[in-house]
Amino acid sequence: MPDVIVRRGRAKPLWRGHPWVYADSVGEVRGNPEPGELVTVRDAQDKVLGCGFFSPSSAIAVRILSPEESIEPSRAFFAARLDEARRLRDEVLELPIVTDGYRLVHAEGDLLPGLIVDLYAGHAVVQFSTVGMHRHREAVLDALEEVIEPLSIHEAPDRRVLKHEGFEARAEQLRGDPIDAPVSITENGIHFRIGIGAGQKTGFFADQRENRKHVARLFRNRRVLDLFCYTGGFSLYAAVNGADEVLGIDSSGPALSLAAENALLNNARQVRYERMEAREALDGFHRKKRRFDLVVCDPPKFARDRKQVDKALRAYRDLHLRAMRVVEPGGLLAVASCSGVVRDDDFERTVREAAYDLKRTVRILYRGGQATDHPVLATCPEGKYLKFLLLAVG
């Protein structure tokens, strides 16, 4: 099997269990491996660090699958890892009691780097984010059918990731009987229709589940603004939990169509949705002196790599400032970032700076993150990406 040799002085994180071999840590490649081929990773003294799939065009040259010198990436191998992930969700987290829409596999967090699997009412949506995992797609799908027995399996590729990994994929149904309409899931008693594999992520933001539940009781008798509402996650929680008035804002027409359907499913008559850019909406509310008791601001990813962090932080600060301007004194503001490369303390700093510029008093009431079905491997803290703050604004 081909070998990837890590440069002297760069193997320490790998010895401690970090699963990534960065391209600039590679000292030598032996055996001329093809993209996606399984390789053995060794240190400069030729000691085995593990094995994983080779990604020559990526900033992460190898994502380690096992500490062993070699494995067989077969249906049986993937089935064992998938079954472990299933048991965590079913027996430990007891997610099926809460929802039938959740993440089954969270890449490194479930020891399957390069693979995401979300389940929606028995339908599976997969994302292959490395050329190696995609190369073994059929074995993964066979294992998924063995362990989960999904009604259907769909692929929802992240094209920005594919560009860096050097392979192509398209959104399509891979297995099962064809479906041509959204499916319905329930989360904490609230109903959502999901466009399988459509739109952002794989169709739904399951990672905010526990944050939605945490703020649910605070919506009662409040006027709520849900920015970047997508298909209505926070806004529907607000409506079902007694908000007086709810306005959802998003720039996506298809997402808002599903949000409107979701409002009907939940008999949420006090919810309205408008298609517009968040900053444009906030500026308009500010000019008209329109205020809200609780504002939720959950934008899409602003930074995908470290080169974009400074620009992203400026964007977060600007967005938080605009959002604070429309919060009633004594009101609440919930802000989030799904940019993993943005550090928690830097994200919080954007809140402090916005508050300082507006001369508003802001207190942090709650710090949240991604839901428990998005676990973080202890040796790979980069797996923690979602930041969520609930703020009291004076």
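**Note on the predicted model: cysteines, cores and selected elements**

1. Cysteine 51 counts as buried, at 0% relative accessibility. The structure discussed throughout this note is a predicted model.

2. On disulfides, a search of the whole structure finds zero. Cysteine 51 is accordingly in no disulfide, and the nearest cysteine sulfur, that of cysteine 380, is 17 Å away. Cysteine 297 is likewise buried, with a relative accessible area of 1%. Its sulfur cannot form a bond because the closest cysteine sulfur, in cysteine 338, is 11 Å away, which is too far; a disulfide requires the two sulfur atoms to be within 2.5 Å.

3. The largest nonpolar core comprises 39 residues. Tyr120, Phe192, Ile194, Phe219 and Tyr273 are the residues with the most contacts inside this core. Among the contributing elements, helix H8 (residues 233–240) gives the most, with five residues. There is also a second, separate core of 33 residues, which includes Leu225, Phe285, Cys297 and Leu391. Cysteine 297, discussed above for its sulfur distance, thus belongs to this second core.

4. Helix H7 (residues 209–216) has Arg209, Asn211, Arg212, Val215 and Ala216 as buried residues. They lie on the same side of H7, because the arc they cover around the axis is only 165 degrees. In general, an α-helix has 3.6 residues a turn, so residues three or four places apart point the same way. The cover over the buried residues of H7 includes three helical or strand elements from earlier in the chain, namely helix H3 (95–98), strand E7 (101–106) and strand E12 (183–187). Helix H8, strand E19 (362–368) and strand E20 (387–393) are also included in that cover. H8 is therefore relevant twice, as it also gives the most residues to the largest core.

5. Strand E15 (residues 245–250) pairs with strand E16 (residues 271–275) in the parallel sense, over five bridges. Within this pairing, isoleucine 249 has glutamate 274 in E16 as its bridge partner. From E15 the chain passes through helix H9 (residues 253–265) to reach E16, and this β-α-β crossover is right-handed.

6. Is arginine 322 in helix H11 buried or exposed? Arginine 322, which lies in H11 (residues 309–325), counts as buried because its relative accessibility is 19%, and the cut-off for buried is under 20%. With neighbours within four places in sequence left aside, arginine 322 is in contact with Arg279, Leu282 and Asp283.

Methods. Residues numbered from 1 in each chain as written. Predicted model: local features only at pLDDT ≥ 70, side-chain atom pairs only at ≥ 80, totals over all residues. Heavy atoms only, no water. Core = buried A, V, L, I, M, F, W, Y, C linked by side-chain atoms within 4.5 Å. Buried < 20%, exposed > 50% of the residue type's maximum accessible area, 1.4 Å probe, protein only. Helix = DSSP H or I, 4+ residues; strand = E, 2+ residues; numbered from the N terminus. Contact = heavy atoms within 4.5 Å. Pairing = 2+ DSSP bridges. Right-handed = clockwise from strand over helix to strand, strands pointing away. Arc of directions from axis to C-beta.
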